[in-house]
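Visitor: Hey, got a few minutes to walk me through this one? I'd like to start with the charged pairs and then wander.

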Amino acid sequence: MRFQLYLLIFSGICIAGLQSCQPGKKTLPRIAIAGLAIESSTFSPAFTNEAAFHTMYGKDALSFYPFLQADSPLLQKAIWIPAVVGYALPGGTVTKDAYESLVGRMLDSLRKNGPYDGLYYDIHGAMSVAGLDDPEGDMLKRIRTVVGYNTIISTSMDLHGNVSELLAENTDLITCHRMAPHEDAAETKQRAVENLLKQLAGGKGKPPFKAWIPIPVLLPGEKTSTRIEPGKSIYAAVAPASIQPGVTDAAIWIGYAWADEPRNHAAVMVYGDDQEKVTQTAEELAHRFWDARNAFDFVAPTLSWQQSLDTALASKKRPFFISDMGDNPTAGGAGDVSWTLTQLLAYPAFKDSTGPSVIYASLPAPELVQQAVQVGVGKIVEGYAGAKVDARFSPPVHIKGIVEAIVKGDKDAAIEVAVRVGSIHVILTQKRKPYHNEIDFTQLGLNPRKTDIVVVKIGYLVPELYTMQAGWVMALTPGGVDQDIVHLPFKRIQRPMFPFYKDMKEPDLKARLIPVSGSAAAK
């Protein structure tokens with residue numbers, strides 16, 4: 001009886017932790033997963049709290065990754081131990097309390113469930129925290145105090161993230177998106193995980209050479225899209241560079257243009273086993289990016305608001321999309337700047353229901369949304385929308401219209417309503433929400449494909465909207481992610497920096513070899 005009890009306990013241990021109790025079978029590596037991801041504009045008055053990160057733990061965190069589902073071969077190659085994984089809609093600066101709380105819980109989980117052979121560090125790279133420079137570098141350094149330096153860490157990032165020397169030093173493997181828009185987001189995360197598994201399975205340990213090159217260029221994503229040149233060719237060179245003998249991976253970061261921090265600029269990193277090949281590749285990629293700096297331009301025609309609207313009305317292309325760029329919530333805007341909608345509602349052509357059809361997506365208006373819920377579809381609501389967070393450019397906009405639809409939205413928007421004012425279908429939300437997919441509109445009974453003009457708070461159009469549009473311009477509107485970055489009040493970025501100094505001398509683009517994490521040479 002006692003033997004059977006011991007056997008049962010032993011079997012339970014095998015299932016819960018070791019996953020390899022058979023004689024001769026290799027023990028699987030133990031890999032932790034941790035990270036916090038957000039893009040934070042320091043030019044927005046908004047602040048991001050802890051709840052915005054929709055934190056995931058354990059199985060919930062594991063289910064977030066398509067390549068680690070039950071039927072995935074990668075799932076079987078390691079014992080995966082998620083700590084804290086949090087993703088927030090881009091927004092304003094993260095409060096220090098929120099950051100400390102989330103990181104504290106992350107570190108507690110890592111302490112509880114260690115030790116680890118590897119750790120997958122899943123971040124965006126453009127998080128700003130009140131009173132703290134380089135949160136991702138700080139977070140990783142604190143993770144190292146828990147997991148130690150024998151743990152191999154692999155990092156995945158958005159190409160609009162920032163790679164500081166501190167971050168480069170404390171990670172062992174690092175990669176980022178190669179497409180903007182980020183159609184390769186899941187592929188990037190999977191590559192980071194596969195790189196980690198290869199190093200562990202092969203017994204190679206940490207790549208001995210990491211080349212880091214900061215590039216003094218700071219440009220918005222709308223000027224560096226990989227849909228057009230020169231971004232298209234620059235990023236097309238990354239994949240071939242990453243599979244050369246002696247190179248483990250290679251990456252180019254554009255950096256994030258709307259945070260006033262010293263680490264915000266473009267960067268290149270290459271790492272691997274061959275020092276000469278690693279440094280040579282990094283320098284080639286860095287020069288390719290620097291040499292193209294003057295060729296970067298907006299991915300679509302870019303006009304003032306009035307010019308954008310006049311162009312849309314004059315065009316025969318339908319639907320005609322206008323990007324309301326200055327308050328783009330997918331880039332860190334507050335999402336509640338009312339300026340554009342105020343201009344739209346005042347335009348004579350849309351005063352009557354028989355005018356050109358328009359969809360405006362979207363503006364937070366919790367009181368109006370609640371009023372719509374109370375009166376119901378087909379009834380009139382009247383009140384104010386927007387400008388509760390960012391009222392620098394326009395006060396809350398007055399809206400009086402007919403409720404067309406009410407739906408319970410996603411975790412970000414909560415309840416959404418469509419209100420018709422003249423010929424404009426205004427989408428109002430309980431909380432701010434970016435509109436990316438056709439279903440976002442159709443669930444409200446709106447058909448963007450049959451609408452004359454669609455105005456969306458966004459920068460470059462994401463793939464589904466891009467394929468939907470017949471005509472498109474990007475409007476230079478005000479907000480926390482104003483595209484006129486040269487005239488934003490930057491005080492802390494490194495200078496000289498292009499395009500702030502258009503005639504600056506060529507910088508030193510020699511590769512800087514970053515010491516292996518935890519080595520005597522590391523800081």
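Visitor: So how many salt bridges does the structure hold?

Guide: There are 21 salt bridges in it. Keep in mind that this is a predicted model.

Visitor: Give me one. Which residue does aspartate 324 pair with?

Guide: Lysine 457 is the partner, and the closest N and O atoms are 3.7 Å apart. Aspartate 324 sits in strand β14 (residues 320–324) and lysine 457 in the loop between β20 (453–456) and α14 (463–468), so this salt bridge ties together parts 133 residues apart in sequence.

Visitor: Are those two buried or exposed?

Guide: Buried, both aspartate 324 and lysine 457.

Visitor: What about aspartate 390, what does that one form a salt bridge with?

Guide: With arginine 392, where the closest N and O atoms are 2.8 Å apart. Aspartate 390 is buried, because its relative accessibility is 0%. Arginine 392 has a relative accessible area of 45%, so it counts as partly exposed.

Visitor: And lysine 433, which aspartate does it go with?

Guide: Aspartate 440, with 3.2 Å between the closest N and O atoms. Lysine 433 is buried at a relative accessible area of 6%, and aspartate 440 is buried too, at 9%. Elsewhere, salt bridges with shared partners link Asp134, Glu136, Glu261 and Arg263 into one network.

Visitor: OK, switching to the greasy bits. How many residues are in the largest nonpolar core?

Guide: It has 120 residues. Trp80, Leu110, Met139, Ile143, Val163, Ile215 and Phe441 have the most contacts inside it. Helix α3 (residues 96–113) gives the largest share of this core, 7 residues.

Visitor: Zoom in on methionine 139. What does it touch?

Guide: Setting aside residues up to four places away in sequence, methionine 139 touches Leu36, Tyr99, Val103, Met106, Tyr121, Ile123 and Met127. There's also another core, apart from the one with 120 residues, and this other core has 32 residues, among them Leu341, Leu368, Ala372 and Val403.

Visitor: Methionine 139 is in α4, right? Which residues of α4 are buried?

Guide: Met139 is one of them. The others are Pro135, Glu136, Gly137, Leu140, Ile143, Arg144 and Val147.

Visitor: What covers them?

Guide: The cover includes β1 (30–37), α3, β7 (118–122), β8 (152–157) and α5 (165–170).

Visitor: How does the span of α4 compare with what it should be?

Guide: It agrees: the 13 residues of α4 (residues 135–147) should span 18 Å at 1.5 Å a residue, and the end C-alpha atoms are 18 Å apart. Just after α4, glycine 148 takes a positive phi of about 80°.

Visitor: On to the sheets. What's the strand order in the one with 6 strands?

Guide: That open sheet goes β4-β5-β1-β7-β8-β9, with mixed pairing. Its edge strands are β4 (56–57) and β9 (173–176), each pairing on one side only. β7 and β8 run parallel and are joined by 5 bridges, and glycine 118 has isoleucine 152 in β8 as its bridge partner.

Visitor: Which strands does α4 touch there?

Guide: α4 packs on the sheet against β1, β7 and β8, and its direction makes about 160° with that of β7.

Visitor: And the sheet of 9 strands, what's its order?

Guide: β13-β21-β14-β20-β15-β19-β18-β17-β16, an open sheet with mixed pairing. At the edges are β13 (302–303) and β16 (380–385). Strand β15 (residues 358–364) pairs with β20 in the parallel sense over 4 bridges, and alanine 361 stands opposite valine 456 in β20. Helix α10 (residues 305–314) lies across β13, β14, β20 and β21 (471–475), at about 170° to β14.

Visitor: Last one: where is glycine 459 found?

Guide: In the loop between β20 and α14, the loop that also holds lysine 457. Glycine 459 counts as buried, at 1% relative accessibility.

Visitor: What is glycine 459 in contact with?

Guide: Leaving out neighbours within four places in sequence, glycine 459 is in contact with Glu222, Ser323, Met325, Asn328, Trp472 and Met474. Glycine 459 and alanine 300 are 159 residues apart in sequence, and 9.8 Å apart in space from C-alpha to C-alpha.

Note on methods:
Residues are numbered from 1 along each chain as its sequence is written. This is a predicted model: local features need pLDDT of at least 70, side-chain atom pairs count only at pLDDT 80 or more; totals for chains, interfaces and linings use all residues. Side-chain values use heavy atoms; hydrogens and water are left out. A salt bridge is a side-chain nitrogen of Lys or Arg within 4 Å of a carboxyl oxygen of Asp or Glu. Helices (H or I, at least four residues) and strands (E, at least two) are DSSP runs, numbered from the N terminus. Buried means under 20% relative accessible area, exposed over 50%, partly exposed in between (1.4 Å probe, protein chains only). A nonpolar core is a set of buried Ala, Val, Leu, Ile, Met, Phe, Trp, Tyr and Cys residues joined through side-chain atoms within 4.5 Å. Contact means heavy atoms within 4.5 Å. The expected span of a helix is 1.5 Å times one less than its number of residues. Two strands pair if DSSP finds at least two bridges between them. Axes are lines fitted to C-alpha atoms, for helices over the stretch in contact, and angles run from 0 to 180 degrees between N-to-C directions.
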